[in-house]
Amino acid sequence: MMPDVSRWFFALAALCALGCSSAQASSDAGVVFPAAALTTVTSDSGALRIEVRTAPDQPPQHGLIAVDFVIADAKTGATIDGLTVHPVPWMPAHGHGPSITPTVTPHGLGHYEITSDDVYTAGSWQLR
């Protein structure tokens with residue numbers, strides 16, 4: 001049985017920035033993500049490693065953004081397909097999420113693209 005990613009909390013702070021390289025990756029929808037991850041997190045159980053990339057900007061600015069999760073086994077590094085991903089954008093300082101429900105599209109090789117993610121207020125957002 002595959003683990004359900006929706007049980008884990010993924011924090012994506014909009015003001016957090018890590019270095020990016022100039023190489024980029026494209027999704028099937030034409031969104032271009034940076035080659036370097038904005039951040040990498042581990043699931044609460046420690047079983048999964050999730051690389052997080054954002055577009056069009058990294059770190060993300062307010063407005064409509066796309067997020068790419070690359071989900072892999074934390075021990076072997078093998079990417080994992082077939083997961084159920086239910087992202088919940090949340091702005092803790094204001095106690096609310098967006099008015100648009102994000103869409104998740106699996107692209108294979110562990111890539112899960114989250115679109116229609118509307119971070120309409122500037123500040124720190126989490127992607128749970």
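Helices (H or I, at least four residues) and strands (E, at least two) are taken here as DSSP runs, numbered from the N terminus. With that in hand, let us walk through this predicted model. The chain has nine strands and zero helices, and reading along the sequence gives the pattern β-β-β-β-β-β-β-β-β.

A few totals help to set the scene. Of the 128 residues in the chain, 39% are buried. Among contacts with a separation of 6 or more, 55% join residues that are 24 or more positions apart. The chain exposes about 6600 Å², and carbon and sulfur atoms supply 56% of that area.

A good place to begin the tour is strand β4, which covers residues 48–55. Seven of its eight residues are buried, so β4 is largely enclosed by the rest of the structure. What does β4 pair with? One partner is strand β3, residues 39–42, which runs antiparallel to β4 and is joined to it by four bridges. These two strands form a hairpin with five residues between them. If you look into the turn, you will find Gly46 with a positive phi of about 85°.

Another partner of β4 is β5, and here the pairing is antiparallel over eight bridges. Strand β5 spans residues 63–73. Eight of the 11 residues of β5 are buried, so this strand too is largely enclosed by the rest of the structure.

Ile50 is a handy residue for seeing how these strands line up. Val41 stands opposite Ile50 of β4, while in β5 the bridge partner of Ile50 is Ile71. Both Ile50 and Ile71 turn up again in the largest nonpolar core, which has 14 residues. Which members of this core touch the most others? They are Ile50, Val67, Phe69, Ile71, Leu83, Val85 and Tyr112. The elements that give two or more residues to the core are β4, β5 and β8, the last of these being residues 111–119. The largest share, four residues, comes from β5.

Now move along β4 to Glu51, which lies in that strand and stands opposite Val70 in β5. Leaving aside residues up to four places away in sequence, Glu51 touches Ala37, Thr39, Thr40, Asp68, Phe69 and Val70. Is Glu51 buried or exposed? Glu51 is buried, and Arg53 is buried as well.

The charged side chains here deserve a careful look. The structure holds two salt bridges. In one, Arg49 is paired with Glu51, with the closest N and O atoms 4.0 Å apart. In the other, Glu51 is paired with Arg53, and the closest N and O atoms are 2.9 Å apart. The side chains of Glu51 and Arg53 also make a polar contact at 2.9 Å. Taken together, Arg49, Glu51 and Arg53 are linked in a network of salt bridges. Why does Arg49 count as partly exposed? Its relative accessible area is 26%, and the partly exposed class lies between the cut-offs of under 20% for buried and over 50% for exposed.

Following the chain out of β4 leads into the loop between β4 and β5, where both Pro56 and Pro59 are found. Each is preceded by a cis peptide bond. The bond from Ala55 to Pro56 is cis with omega near 10°, and the bond from Gln58 to Pro59 is cis with omega near 5°.

Two stops remain, in loops further along the chain. Thr101 has its place in the loop between β6 (89–90) and β7 (103–108). This threonine counts as exposed because its relative accessibility is 65%. Which residue can you use to place Thr101 in space? Pro87 is one choice: Thr101 and Pro87 are 14 residues apart in sequence and 8.9 Å apart in space, C-alpha to C-alpha.

The other stop is Leu109, in the loop between β7 and β8. Although Leu109 is not a glycine, it has a positive phi of about 55°. Leu109 is also exposed, with a relative accessible area of 64%.

Notes
Residues are numbered from 1 along each chain as its sequence is written. This is a predicted model: local features need pLDDT of at least 70, side-chain atom pairs count only at pLDDT 80 or more; totals for chains, interfaces and linings use all residues. Side-chain values use heavy atoms; hydrogens and water are left out. A polar contact is a pair of N or O atoms within 3.5 Å; within protein, one must be able to donate a hydrogen and the other to accept it, and residues adjacent in sequence count only if both atoms are side-chain atoms. Contact means heavy atoms within 4.5 Å. A nonpolar core is a set of buried Ala, Val, Leu, Ile, Met, Phe, Trp, Tyr and Cys residues joined through side-chain atoms within 4.5 Å. Buried means under 20% relative accessible area, exposed over 50%, partly exposed in between (1.4 Å probe, protein chains only). Accessible areas come from the Shrake-Rupley method with a 1.4 Å probe; for residues, only the protein chains shown count as cover. Two strands pair if DSSP finds at least two bridges between them.
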